[in-house]
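Trainee: Could you go through this model with me and show how each label is earned?
Mentor: Gladly; let us take the labels one at a time.

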Amino acid sequence: RWINEASVRLHATLDELTVVREAVALVTGYLGTAMGACLLRDPHDDQFRVVAVDGYEQGKPSFKTALYPRNLLIDRASRAGGLLEIEDITESLADLPVERDRLLEMGICSLVLLVLSYRGEELGVIGLNFRERMSLGPSDRETLQAFGKTVSLALANARQADDLEHQAQHDSLTGLPNRAHLHAVFDEWLTGRNHAPGNAIR
């Protein structure tokens with residue numbers, strides 16, 4: 001039932017940031033974790049940008065816009081089929097001391113990574129951090145995998161809507177704004193001008 005409600009909420013918008021913010025809030029609520037973040041991948045440089053957080057560092061704008069290079073944890077999550085559960089960071093990340101030490105400094109004991117991908121393209125990752133040791137049951141794993149597919153589809157739909165909007169308002173050959181874009185911008189400008197104090201239509 002939770003996954004159906006989550007799907008309705010995620011597909012109710014075509015705004016990429018709204019999708020990921022909803023996704024992080026939903027999954028942290030579902031698992032009862034205090035900390036979650038979504039990082040979206042930039043396909044041009046393979047960097048991951050933090051775009052949504054829940055439960056920590058929310059007051060720091062630098063965290064929200066931070067860029068992270070692709071790391072071995074994300075690679076490990078991809079190889080694990082898109083869902084990586086680490087019950088004990090100290091034991092499980094002994095071969096990744098840099099990542100392990102960074103997480104331990106934050107007071108993290110357990111970690112779940114959920115890779116977002118659509119049609120073979122990696123879109124990003126949702127990271128869930130736990131200050132106490134945590135283990136997922138089979139039902140939770142299945143739900144999280146279904147949730148990851150739902151988020152990925154909602155994200156892909158939002159990006160497709162953005163692409164269609166851009167194509168509708170730009171020349172396909174030059175990439176420059178076309179007449180439709182000019183009309184839309186002019187109408188917005190005219191509406192704002194007409195509603196400004198002291199302006200009258202003449």
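Mentor: What follows is a short talk about a predicted model.

Trainee: Why is Thr 143 called buried?
Mentor: The relative accessible area of Thr 143 is 18%, and buried means under 20%, so Thr 143 is buried. Thr 143 lies in helix 7.

Trainee: What makes the link between Thr 143 and Ser 139 a polar contact?
Mentor: The side chain of Thr 143 comes to 2.9 Å from the backbone oxygen of Ser 139. The cut-off for such a pair of N or O atoms is within 3.5 Å, so this is a polar contact. Beyond neighbours within four places in sequence, Thr 143 is in contact with Trp 2, Ile 3 and Tyr 30.

Trainee: Which residues have the most contacts inside the largest nonpolar core?
Mentor: They are Leu 10, Leu 31, Cys 38, Ile 126 and Phe 147, in a core of 28 residues. Helix 2 provides the largest share of this core, seven residues. As for Cys 38, its contacts outside four places in sequence include Val 20, Val 24, Leu 116 and Ile 126.

Trainee: How do you know which class Gly 148, in the lining of the second largest pocket, belongs to?
Mentor: Gly counts as polar, so Gly 148 is a polar lining residue. By class, that lining has three nonpolar, seven polar and two charged residues. Helix 7 gives the largest share of the lining, four residues, and the pocket has a volume of about 210 Å³.

Methods. Residues numbered from 1 in each chain as written. Predicted model: local features only at pLDDT ≥ 70, side-chain atom pairs only at ≥ 80, totals over all residues. Heavy atoms only, no water. Core = buried A, V, L, I, M, F, W, Y, C linked by side-chain atoms within 4.5 Å. Buried < 20%, exposed > 50% of the residue type's maximum accessible area, 1.4 Å probe, protein only. Helix = DSSP H or I, 4+ residues; strand = E, 2+ residues; numbered from the N terminus. Contact = heavy atoms within 4.5 Å. Polar contact = N/O pair within 3.5 Å; in protein donor to acceptor, adjacent residues only side chain to side chain. 1 Å grid on protein atoms, 1.4 Å probe; cavity = no way out; pocket = protein on both sides within 12 Å on 5 of 7 lines; lining within 4 Å. Points joined across faces, edges and corners; volume = space filled by probe spheres on them.
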